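Colleague: Could you take me through the charged side chains in this one, slowly, as if I were new to all this? I'd like a close look at the salt bridges, and then whatever else helps me find my way around.

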Amino acid sequence: MALVAALLGWLFDGAEMGVFSMVGRAAIQDMLGITSAPTPDQEKQLGLFFGVIIAVFLVGAATGGVLFGWLGDRIGRVRAMSLSVVTYAVFTGLCGFAQSPIHLGVLRFVAALGMGGEWSLGVALVMEVWPNRSRALMAGLIGAAANAGYLLVGIIGIGLTAMLSQFETWLGGIGLPEATVKMLVANKGWRLMMMLGTLPAFLTFFFRMFVPESHKWESERGSGTTSNWVTSDLLGVLVGAVGPAIIVWVWADESVSTPLRLAGTLGGLAIATLGYVYPVVRFLQRSFAASTVTANDARQTIRRMLLGACLSGVALLGTWGSTQWAMTWAGQLTQGVAVTSDMGFIWQHPREYTQMFTAVGAIVGTIGAAMLGDWIGRRSAYCLLCLLSIASVLWFYQFHNSFGWDFLISAFVAGVFTASFYGWLPLYLPELFATRVRATGQGFAFNFGRILAAIGTLQIGALLKLVGNFETYAGIKGGYPIACSFVCGIYLIGMGLIWLAPETKGQPLPE
């Protein structure tokens, strides 16, 4: 029951994340009133809003990872997971009623709080319930479930587009005003796609009725250590959220100078780090006073949280700065181009099929990465995955100048390797933290990486302007191919960083 609940949670978690990659451009274009092919200036505006909303989402997920991770360590994995799913389901559905990109960004931020929390809670629950010998398989299934959500979004998107006229008739038939119906079905029905995001809310009834609590957490509660988590410490998370807000502002406002942007980025990272780590520091101080942890344990916990955040940041920035833009690029390659004879129906849905191919690749990659980590060791597997990710991203962006079967196959391969880390991270991060801080520690480690990814994502807009006149190896002028290829260099940092981390292959979860 714990595994089924977590897999369903991650499935819809992935769907909630994937929906904006597919419909976000249409949503922003609709709300800005751009009814024809965007001009160069409008294209820059679309890219800016798209990047900012993604960055806001990533910041929300980082905050939610700490907030709901704290709840998971304080009140239990299952109860906190129920709250996280309700949060992301309800607020994703409300995105369908947004009237401006700013409204959409605010709603995506709140939805992301729940999505960030669900990841850390589900991982903690499954890894604590299942035996040590099953960890690699469980980690692979965790990553595969989230990417199955991406695949689900692509399938639903194609089905919704095909049935949009029927939906329009049905909505009119139940008495909705014509203006409301037209609003709901405009721009490929992106509002309806968002509203479907409320469905996971029904999972909470399943969680509360059938899913068992982690026996490891119950043992911690029985020993009294959970009482060292104090609600007032969450003020640190609130203050910490100001840091990413500063980062988003300095990069979203084109009038801000480069020196101020760099200062704002460094200052924002410092504020976020101190604020998000604060609840754990206070917990460890109380535990140290009660003689339940040593000073060395406390230092090791903080050190591993920061190192895990950097490892996650490499993986997240690599994905959000490269393959997450593949759907937008596919749409650009097919815009105004005649349908090729061998593509047929697929040509009419380039974004959806690109997302489906990358998602299928990601499902394969996440399971394979977890198994690889169990076979050759955690550190060697991470290093190899970084190398293969660089190769796959460069092949995808630098050697394809048109949408076709070769494009989709390379998208599949890029999905295999760039998303493989989401099978490796659920395997490795729980092995870094003791039960008493596992949900919060790994929630910080994985989701704080989203802030680093947000910073990189915000650079895409600037890079698009900078490399507009450059040419790729395939003869394509600037744009996403060069910008996203540049971002994948982050994997080189990961290849060196991983050797600072401990090797945990063959070791039981810390108690």
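Modeller: Sure, let's start with Arg-77, which is buried, its relative accessible area being 0%. Keep in mind as we go that this is a predicted model. The side chain of Arg-77 pairs up with that of Asp-73 in a salt bridge, with 2.6 Å from N to O. Asp-73 counts as buried too, because its relative accessibility is 0% and the cut-off for buried is under 20%. The pair isn't on its own, either: Asp-73, Arg-77, Glu-128 and Arg-438 are linked in a network of salt bridges. If you search the whole structure, you'll find nine salt bridges.

Now hop over to another of these pairs, Glu-168 and Lys-182, where the closest N and O atoms are 2.8 Å apart. This salt bridge links distant parts of the chain, as Glu-168 belongs to helix H6 (residues 164–173) and Lys-182 to helix H7 (residues 178–195), with the two 14 residues apart. How covered up are they? Glu-168 is partly exposed, at 26% relative accessibility, and Lys-182 is also partly exposed, at 43%.

Next, have a look at Arg-378, which forms a salt bridge with Asp-374; their closest N and O atoms are 3.1 Å apart. Here the two partners sit in different surroundings: Arg-378 is buried, at 1% relative accessibility, whereas Asp-374 is partly exposed, at 35%.

While you're in that stretch of the sequence, find Leu-372, a residue of helix H15 (residues 350–376). Leu-372 has a relative accessible area of 17%, so it is buried, given that the limit is under 20%. Setting aside neighbours within four places in sequence, Leu-372 is in contact with Gly-377, Ala-381, Leu-384 and Leu-385. For a sense of scale, try going from Leu-372 to Ala-289: the two are 83 residues apart along the chain, and their C-alpha atoms are separated by 41 Å.

Back to charges, and to one without a partner of that kind. Glu-16, in helix H1 (residues 2–31), is buried yet has no salt bridge. The nearest side chain of opposite charge is that of Arg-108, 5.4 Å away, and a salt bridge needs the nitrogen and oxygen within 4 Å. What does the side chain of Glu-16 make a polar contact with? That would be the side chain of Thr-92, at 3.0 Å. Leaving out residues up to four places away in sequence, Glu-16 touches Tyr-88, Ala-89, Thr-92, Arg-108, Met-115, Gly-197 and Pro-200.

Finally, let's go to the surface for something without charges. Met-1, Val-4, Ile-156, Leu-196, Leu-199, Phe-202, Phe-205, Met-209 and Phe-210 form a nonpolar patch there, and together they have about 930 Å² of accessible area. Helix H8 (residues 203–210) supplies the largest share of the patch, with three residues. Ile-156 comes from elsewhere, namely helix H5 (residues 135–162). Its relative accessible area is 34%, so Ile-156 counts as partly exposed.

If you want to retrace the tour, begin again at the network that holds Asp-73, Arg-77, Glu-128 and Arg-438, go on to Glu-16, buried and with no salt bridge, and end at the nonpolar patch on the surface.

Terms used:
Residues are numbered from 1 along each chain as its sequence is written. This is a predicted model: local features need pLDDT of at least 70, side-chain atom pairs count only at pLDDT 80 or more; totals for chains, interfaces and linings use all residues. Side-chain values use heavy atoms; hydrogens and water are left out. Patches are made of residues with over 30% relative accessible area and no salt bridge: like charges are joined within 9 Å, nonpolar side chains (Val, Leu, Ile, Met, Phe, Trp, Tyr) within 5 Å. Accessible areas come from the Shrake-Rupley method with a 1.4 Å probe; for residues, only the protein chains shown count as cover. Helices (H or I, at least four residues) and strands (E, at least two) are DSSP runs, numbered from the N terminus. Buried means under 20% relative accessible area, exposed over 50%, partly exposed in between (1.4 Å probe, protein chains only). Lys and Arg count as positive and Asp and Glu as negative; His and the chain ends are not counted. A polar contact is a pair of N or O atoms within 3.5 Å; within protein, one must be able to donate a hydrogen and the other to accept it, and residues adjacent in sequence count only if both atoms are side-chain atoms. Contact means heavy atoms within 4.5 Å.
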